[in-house]
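Visitor: Can you walk me through this one? I'd like to start with the ligand and go on from there.

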Amino acid sequence: MKRDGQMESLWQATTSGELPLSFRREPQPALTYDVAIVGAGITGVTTALALQKKGFSVLLLEAQTACFGTTGGTTAHLNTLMDTPYHVMIKNFGEAHTTNVATAIRDALLHIKSNVSEYRIDCGYKTQDAFLYAQDEDQEKELEDILLAAKAVGITVEQSSDSPVTVPFTKGLRFPNNARFHPGRYVMALLEEFLKIGGAYYDHCRMTHMDEASTLVLHTTRGEFAAHRLIYATHIPPGVNLLHFRCAPYRSYAMAVELEDDNYPEGLAYDMYDPYHYFRTQEVDGKNT
Ligand SMILES: Cc1cc2nc3c(=O)[nH]c(=O)nc-3n(C[C@H](O)[C@H](O)[C@H](O)COP(=O)(O)OP(=O)(O)OC[C@H]3O[C@@H](n4cnc5c(N)ncnc54)[C@H](O)[C@@H]3O)c2cc1C
């Protein structure tokens with residue numbers, strides 16, 4: 001699996017990235033697809049499979065290879081916590097919108113779980129609790145705000161004196177029924193299912209621009225395609241638009257290590273510093289990391 005980072009991610013190192021040739025369905029330039037999706041990360045592939053399954057004809061285009069973007073470098077915690085905590089979201093957007101976000105997160109987690117079970121995907125999926133812990137008085141105060149806001153928007157959470165990591169803390173929260181998985185193997189399995197049920201997929205195919213006529217005409221590095229609807233699953237929409245002014249560059253450091261004492265944390269754990277540190281275990285082919 002190829003991706004855009006300088007370093008090799010755990011997912012990249014342990015995903016073949018090859019699709020069985022027998023499933024390959026070349027896009028037909030003469031066809032007008034119901035939906036074209038640009039971007040084959042977790043968003044594009046999940047959406048492509050869901051729509052094809054509903055009976056739409058779907059064309060999925062990817063500039064590089066599947067999981068080349070953020071999905072190939074994610075830390076893949078499936079959690080009900082948010083990087084922007086619920087109390088901050090409520091303050092900025094109100095409780096109703098924040099409740100919608102919380103509901104969407106719970107639905108997304110359930111959707112992944114149900115895909116893993118329906119397609120019997122071997123991607124190290126494991127239901128786990130997530131622990132957020134405070135280490136000083138300011139963090140304790142914020143933890144209290146997080147607890148109240150999360151409960152207000154329907155997230156299951158409780159105070160906890162446990163943590164799966166041996167870092168000292170003063171107060172903690174436990175979010176039950178979160179999960180971990182291997183995103184590379186998960187996404188490649190969904191892509192295979194998409195192809196099996198007739199989906200069309202082109203990699204190394206960058207969409208450059210689009211003409212809007214009675215149908216949409218997508219101009220790509222591998223020719224022109226027509227569709228009635230277009231979904232950008234490119235993480236941020238391509239071209240020049242207002243979102244780009246809001247998209248600041250940040251760098252995260254994710255390390256996959258093997259422990260000498262074999263004492264791997266059973267759960268997802270997060271401290272509350274800015275930037276924060278977080279931990280989890282992934283079993284790949286019988287070996288923990
Ligand atoms: C370091 C890090 C850690 C993270 N950890 C977590 C986590 O623990 N839990 C969590 O829930 N989220 C996490 N995230 C966020 C999560 O990984 C992303 O939200 C998710 O992977 C985005 O997937 P995507 O499919 O929307 O985008 P991407 O995976 O970025 O896919 C977009 C695809 O579009 C393609 N593309 C772009 N432009 C074009 C074009 N013009 N034509 C054709 N194709 C194009 C790209 O090549 C790419 O493959 C993390 C993110 C980072 C960076």
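Guide: One definition before the ligand: Ala, Val, Leu, Ile, Met, Phe, Trp, Tyr, Cys and Pro count as nonpolar, Asp, Glu, Lys and Arg as charged, and the others, Gly among them, as polar. Also, this is a predicted model.

Visitor: OK. By class, what does the shell around the ligand have?

Guide: The shell has 15 polar residues, eleven nonpolar and two charged.

Visitor: And which residues come nearest?

Guide: Gly39, Gly41, Gly69, Thr71 and Thr74, out of 28 residues around the ligand.

Visitor: Which helix gives the most to that shell?

Guide: Helix H2, residues 42-53, with three residues.

Visitor: Where does H2 lie?

Guide: H2 lies across strands E1 (32-38), E2 (58-61) and E10 (223-232), and runs at about 170° to E2.

Visitor: Now the sheet. What is the strand order?

Guide: The order is E7-E2-E1-E10-E9-E8, six strands in an open sheet with mixed pairing. On average, neighbouring strands are turned by 40° against each other, direction ignored.

Visitor: Which strands stand at the edges?

Guide: Strand E7 (200-202) and strand E8 (207-212). Each has a single partner strand, so one side of each is left without a neighbour in the sheet.

Visitor: How many bridges join E8 to E9?

Guide: Five, and the two strands run antiparallel; E9 covers residues 216-220. E8 and E9 form a hairpin, with three residues between them.

Visitor: Which residues are opposite each other there?

Guide: His209 stands opposite His219 in E9, and Asp211 has Val217 in E9 as its bridge partner.

Visitor: Switching to helices. At what angle do H3 and H5 cross?

Guide: Roughly 65°, and the axes come within 7 Å. Helix H3 is residues 86-93 and helix H5 is residues 137-152. Since 65 to 115 degrees counts as roughly perpendicular, that crossing makes H3 roughly perpendicular to H5.

Visitor: Which residues meet in that contact?

Guide: From H3, Tyr86, His87 and Ile90; from H5, Asp145, Ile146, Ala149 and Ala150. By class, the contact divides into five nonpolar residues, one polar and one charged.

Visitor: What does the domain assignment give for the chain?

Guide: Domain 1 is 10-73 + 184-245, and domain 2 is 77-181 + 257-288. Taken over C-alpha atoms, the centres of domain 1 and domain 2 are separated by 30 Å.

Visitor: How many residues does the contact take from each domain?

Guide: Seven residues from domain 1 and eight residues from domain 2. On the side of domain 1 that touches domain 2, helix H6 (residues 183-196) gives the most, with five residues. By class, that side of domain 1 has four nonpolar, one polar and two charged residues.

Visitor: Last topic, backbone oddities. Where is there a cis peptide bond?

Guide: A cis peptide bond joins Asp274 and Pro275, with omega about 0°. Pro275 lies in the loop between strand E11 (268-270) and strand E12 (278-279).

Visitor: And which residue other than glycine has a positive phi?

Guide: Asn177, with phi near 60°. Asn177 is found in strand E6, residues 171-180.

Visitor: Why point those out?

Guide: Because most residues other than glycine have a negative phi, and most peptide bonds are trans.

Terms used: Residues numbered from 1 in each chain as written. Predicted model: local features only at pLDDT ≥ 70, side-chain atom pairs only at ≥ 80, totals over all residues. Near = placed C-beta within 6 Å. Helix = DSSP H or I, 4+ residues; strand = E, 2+ residues; numbered from the N terminus. Axes fitted to C-alpha atoms, helices over the stretch in contact; angles between N-to-C directions. Parallel < 35°, antiparallel > 145°, perpendicular 65-115°, else oblique. Contact = placed C-beta atoms within 7 Å. Domains from an automatic or database assignment. Pairing = 2+ DSSP bridges.
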